[in-house]
Amino acid sequence: AAAHGGDVTSLVLIPCISKRFPDVPIVAAGGFADGRTLSAAIALGADAVAMGSRFATTKESSLAHQMKEIIANPELSGGSTEADTIYGKNFDGIPARVLKSAESSRLNKKPASLPLVIYRAFNAAQKMNIPLYKVIPGLITQFDKMYMVAQFGAATESLMKATVDGNYDEGVQFIGQSQGLIEDIPAVDELVQRIILEAIETSSQTFETFSDKE
């Protein structure tokens, strides 16, 4: 999935979870962006899907328009396909998938140094009006956990540059491989209607494929 995902793909994870927890509603995420993938998720055992990358690239989304254009138009200079992502944990301390760019490649090469992480985390805490006295004790008593949180805080500036400012060259954008299925920036209502119609058509075609034909 985009942002912080796991090691098991949706194709395997969904049926495993639905089999082990048949009474638990499952909302699948990771690779879903149209009616075909919705139909596939239902067939695998999901009850619903989350389409983060797809709905982030809609007219109503608050994502910077420049980033929407890059995600939705692979023919543009800097435009992106399903292959244009990077997956790793060096950016913010947690395994995450981001849009491939010179900056995201640089930041994912190696973890930031401890002093730099703490410095950036404190700056992020100040911008979010979080008192430093709430941050420092955690760094001392639960260093491993707080260091991970500090890494994420340190990544805030790069995330803001992309998502808010639309700065592709200096920012970092969380994105899924499903960006390869995204080719426009529609209104949410239009998108939902399209997805539902395509899911119905896809499910009908699947049924016909496996039906007896005389």
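This is a dialogue between a student and a tutor about a predicted model.

Student: What makes up the protein chain in terms of helices and strands?

Tutor: The protein chain has nine helices and five strands. Along the sequence they follow the pattern β-α-β-α-β-α-α-β-β-α-α-α-α-α. Buried residues make up 37% of its 214 residues.

Student: What share of the contacts with a separation of 6 or more comes from residues 24 or more positions apart?

Tutor: They account for 60% of those contacts.

Student: Why is α2 called oblique to α9?

Tutor: Take the angle. Helix α2, residues 35–44, packs against helix α9, residues 188–210, at about 55°. Roughly parallel needs an angle under 35 degrees, and roughly perpendicular runs from 65 to 115. The value of about 55° fits neither class, so α2 is oblique to α9. The axes are 7 Å apart. The crossing is right-handed.

Student: Which residues make the contact of α2 with α9?

Tutor: From α2 come Gly35, Arg36, Leu38 and Ser39. From α9 come Ile195, Glu198, Ala199, Thr202 and Ser203. They divide into three nonpolar, four polar and two charged.

Student: What makes Arg36 and Glu198 the charged ones in that contact?

Tutor: Asp, Glu, Lys and Arg count as charged. Arg36 and Glu198 both belong to the contact, so by residue type they count as charged.

Student: How do you know that the buried residues of α1 are on the same side?

Tutor: Helix α1 covers residues 10–20, and its buried residues are Ser10, Ile14 and Ser18. They cover an arc of only 50° around the axis, so they sit on the same side of α1. What covers them includes β2 (27–29) and α2. The face turned away from the buried side carries the exposed residues Lys19 and Arg20.

Student: Ile17 is also in α1. Why is Ile17 called partly exposed?

Tutor: Its relative accessible area is 32%. Buried means under 20%, and exposed means over 50%. The value for Ile17 lies in between, so Ile17 is partly exposed. Ile17 and Ala46 are 29 residues apart in sequence, yet their C-alpha atoms are 9.0 Å apart in space.

Student: What makes Gln173 a buried residue?

Tutor: Its relative accessible area is 8%. The cut-off for buried is under 20%, so Gln173 is buried. Gln173 lies in the loop between α8 (143–163) and α9. Leaving aside residues up to four places away in sequence, Gln173 touches Leu63, Met67, Val98, Leu99, Ala162 and Thr163.

Student: How do you know that Arg194 is partly exposed?

Tutor: Arg194 has a relative accessible area of 33%. Partly exposed is the range between under 20% and over 50%, so Arg194 falls into that class. Arg194 is in helix α9. Not counting residues up to four places away in sequence, Arg194 touches Arg54, Asp184 and Pro186. Arg194 and Asp34 are 160 residues apart along the chain, with C-alpha atoms separated by 8.0 Å.

Student: Why does Ile196 count as partly exposed?

Tutor: Ile196 is found in α9 too. Its relative accessibility is 41%. Exposed needs over 50% and buried needs under 20%, so Ile196 counts as partly exposed.

Student: How far is Ile196 from Asp34, in sequence and in space?

Tutor: They are 162 residues apart in sequence and 8.5 Å apart in space, C-alpha to C-alpha.

Definitions and conventions: Residues are numbered from 1 along each chain as its sequence is written. This is a predicted model: local features need pLDDT of at least 70, side-chain atom pairs count only at pLDDT 80 or more; totals for chains, interfaces and linings use all residues. Side-chain values use heavy atoms; hydrogens and water are left out. Axes are lines fitted to C-alpha atoms, for helices over the stretch in contact, and angles run from 0 to 180 degrees between N-to-C directions. Helices (H or I, at least four residues) and strands (E, at least two) are DSSP runs, numbered from the N terminus. Angles under 35 degrees count as roughly parallel, over 145 as roughly antiparallel, 65 to 115 as roughly perpendicular and the rest as oblique. A crossing is left-handed if the near helix is turned anticlockwise from the far one by less than a right angle, and right-handed if clockwise. Contact means heavy atoms within 4.5 Å. Buried means under 20% relative accessible area, exposed over 50%, partly exposed in between (1.4 Å probe, protein chains only). The arc is that of the directions from the helix axis to the C-beta atoms.
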